[in-house]
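Here are my comments on the model, set out as numbered points. Please read them with the coordinates open beside the text.

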Amino acid sequence: LFMQASLIGNLAKSGWLDSDGTIYIEFGAGRARLTTYLLNIISTHSKSKVLLVDRDASRHKVCGVINVK
């Protein structure tokens, strides 16, 4: 949780979360926790997209429950 908060905080400080139409790519997504927190923040940006990249299809991922808008 601390690493995800730090990453999102650094994105916010640099202005990346304010950019409309940005494509966020999470490499080694695992359970997609970073993307879950990121989507809670950028949900107001209708043109922003998220791409999850992982080498394995493991169980208990949240990408199956993320709402596509």
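1. Leaving aside its neighbours within four places in sequence, S19 makes contact with Y24 and S48. This is a predicted model, and every remark in this note should be read with that in mind. S19 itself sits in the loop that joins α1 to β1, and the C-alpha atoms of S19 and K47, which are 28 residues apart along the chain, lie 9.4 Å from one another. With a relative accessibility of 29%, S19 is classed as partly exposed, because that class covers values between 20% and 50%.

2. T22 belongs to the loop between α1 and β1, the strand formed by residues 23–27. Its relative accessible area is 12%, so T22 counts as buried, the cut-off for that class being under 20%. When residues up to four places away in sequence are not counted, T22 touches W16, S48 and K49; S48 is thus a partner of T22 and is also in contact with S19.

3. Helix α1 comprises the twelve residues 2–13, for which a rise of 1.5 Å a residue leads one to expect a span of 16 Å; the C-alpha atoms at its ends are 16 Å apart, so the model agrees with the expectation. After α1 comes G15, whose phi is positive, near 85°.

4. How do the axes of α1 and α2 cross? They come within 10 Å, with α2 formed by residues 33–42, and the crossing angle is roughly 40°. The two helices are therefore oblique to each other, since an angle of this kind falls outside the ranges counted as roughly parallel (under 35 degrees) and roughly perpendicular (65 to 115). The crossing of α1 past α2 is right-handed.

5. On the α1 side, the contact between these helices is made by Q4, L7, I8 and L11, and on the α2 side by R33, L34, Y37, L38 and I41. Sorted by class, this contact has seven nonpolar residues, one polar and one charged. An α-helix has 3.6 residues a turn, so residues three or four places apart point the same way. The α1 set, with Q4, L7, I8 and L11, can be inspected on the model in that light.

6. For the chain as a whole, there are two helices and two strands, arranged along the sequence in the pattern α-β-α-β. Of its 69 residues, 20% count as buried. Among the contacts with a separation of 6 or more, 71% are between residues 24 or more positions apart.

Terms used:
Residues numbered from 1 in each chain as written. Predicted model: local features only at pLDDT ≥ 70, side-chain atom pairs only at ≥ 80, totals over all residues. Heavy atoms only, no water. Helix = DSSP H or I, 4+ residues; strand = E, 2+ residues; numbered from the N terminus. Expected span 1.5 Å × (residues − 1). Axes fitted to C-alpha atoms, helices over the stretch in contact; angles between N-to-C directions. Parallel < 35°, antiparallel > 145°, perpendicular 65-115°, else oblique. Left-handed = near helix turned anticlockwise from the far one by under 90°. Contact = heavy atoms within 4.5 Å. Nonpolar A, V, L, I, M, F, W, Y, C, P; charged D, E, K, R; others polar. Buried < 20%, exposed > 50% of the residue type's maximum accessible area, 1.4 Å probe, protein only.
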